[in-house]
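Me: Could you pick one part of this protein and take me through it closely? Feel free to carry on from there to whatever else helps fill in the picture.

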Amino acid sequence: MVKKSCEKPAAAGAAKSTQAGLDIGTPKNVRQAVPQILQSATTPKTKTAARSALAALLHPAAGGDAAFEATVLIEEVCGGKFALLESPPTPGQWQKLLALGQKRIGGYPLQYIVGHWPFMGLELAVGEGVLIPRQDTETVVEAALAFWHKKNLKPHNILDLCSGSGAIAAACTRFFTAAKVTAVENSKEAFFYLRKNAEAYLYTPVEGDVFVYQNTLFENSVDMVVANPPYLTAAEMGELQQEVKSEPAAALFGGVDGLQFYRHIAKAYKPAIAKGGLLLFEIGAAQSPAVQAILAAEGYTGIFEGADLGGNPRYVGGTKG
């Protein structure tokens, strides 16, 4: 598994700061530290002190990931890997870091703040209006790689539906180097990032609706259809964490029961999938039985599931017989 571009410090969430004499090792001290950090005009004297102080500011939003997020922001503002920085932030850089920190504790996603995020070793442009690439989705790409490796074949035509930023499409162009990869996205806001990332990773971006795009495809023309569709239920949409609410609802809501896209794609795109080809879905943790049943009802065979890094069901796939 490819790790994030910035490794989480071992002591994430338990950092202490000597900045302004602050001890931020407890929740109570964290709450007390935030206003003191914001009101202090003093720039930390070392990069480590800067990270500790910034982590204290970020803690209400980032929790145990505060030191990691502080590292990401420092690298972004100071323009280099934390381990290689030779000096602390300048006063101007520190004020910018404090401003970004305030934005983050207001619930704004870190990924939107920095404007890019890693996925399987690739750096993707992201921002408001597009779903943030998540490491759990890497297991979907790994499942595709394992499927074709087992068959000792390589797909020639790959279709990525509900592509968002193009994370899966970009990874497919990296690992299936001879394949033509097409990525379809309906949201104009998300398509901006899909097209931008296509410039770097050379898949074909298409602005289109997955509920009608199947009408443009020839029979047996696609070796693999992969999709990370919206799959949250109506109830789950009402329980979202604050920062997830910053992501586009259209990329999250999958109908009342969360299965609307699975039903359509499994049925409507089957004619376009070549014999022996793969349909592969990312799923919600509780959706595996339902999605497997949808694939079985449509006549897919060799149906399988797999888990993410946390051990939760994360993908379901099936073969067109």
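Reply: The span to expect of a helix is 1.5 Å times one less than its number of residues, and helices here are DSSP runs of H or I with at least four residues, while strands are runs of E with at least two, numbered from the N terminus. What you're looking at is a predicted model, where local features need pLDDT of at least 70, side-chain atom pairs count only at pLDDT 80 or more, and totals for chains, interfaces and linings use all residues. Residues are numbered from 1 along each chain as its sequence is written, and side-chain values use heavy atoms, with hydrogens and water left out.

Let's take helix α3, residues 66-78. At 1.5 Å a residue its 13 residues should span 18 Å, and the end C-alpha atoms are indeed 18 Å apart, so the two agree. Buried means under 20% relative accessible area, exposed over 50% and partly exposed in between (1.4 Å probe, protein chains only). By that cut-off, 12 of the 13 residues of α3 are buried, so the rest of the structure largely encloses this helix. Among them are F68, E69, L73, I74, E75 and C78. And what do the buried residues of α3 pack against? They sit against α2 (47-62), α4 (91-105), α5 (110-114) and β1 (116-119). Just after α3 comes G79, with a positive phi near 75 degrees.

Stepping back, the protein has 11 helices and nine strands, and 52% of its 321 residues are buried. Contact means heavy atoms within 4.5 Å; of the contacts with a separation of 6 or more, 63% are between residues 24 or more positions apart.

Over to the hairpin of β8 and β9. Strands pair if DSSP finds at least two bridges between them, and β8 (300-307) and β9 (313-320) have six, in the antiparallel sense. Five residues lie between the strands, and in this hairpin G311 takes a positive phi near 85 degrees. T301 has T319 of β9 as its bridge partner. T319 is buried, at a relative accessible area of 14%. Leaving aside neighbours within four places in sequence, T319 touches F147, G276, G277, Y300 and T301.

F147 leads us to the aromatics. Rings of Phe, Tyr and Trp (its six-membered ring) pair if their centres lie within 6.5 Å, with planes under 30 degrees apart counted as stacked, over 60 as edge-to-face and the rest as tilted. There are eight such pairs. In one of them, the centres of F147 and W148 are 5.1 Å apart with planes at 85 degrees, so it's edge-to-face. Both F147 and W148 are buried, and they form one aromatic cluster with F304 and Y315.

Another pair is F211 with F261: centres 4.9 Å apart, planes at 55 degrees, so tilted. F211 is in the loop between β5 (204-207) and β6 (222-227) while F261 is in α10 (260-268), so the pair ties together parts 50 residues apart in sequence. F211 is partly exposed at 26% relative accessible area, whereas F261 is buried at 12%.

Last, charges over rings, meaning NZ of Lys or CZ of Arg within 6 Å of the ring centre and within 35 degrees of the ring normal. R51 lies over the face of F82, 4.0 Å from the ring centre, and K103 does this with Y108 at 4.5 Å.
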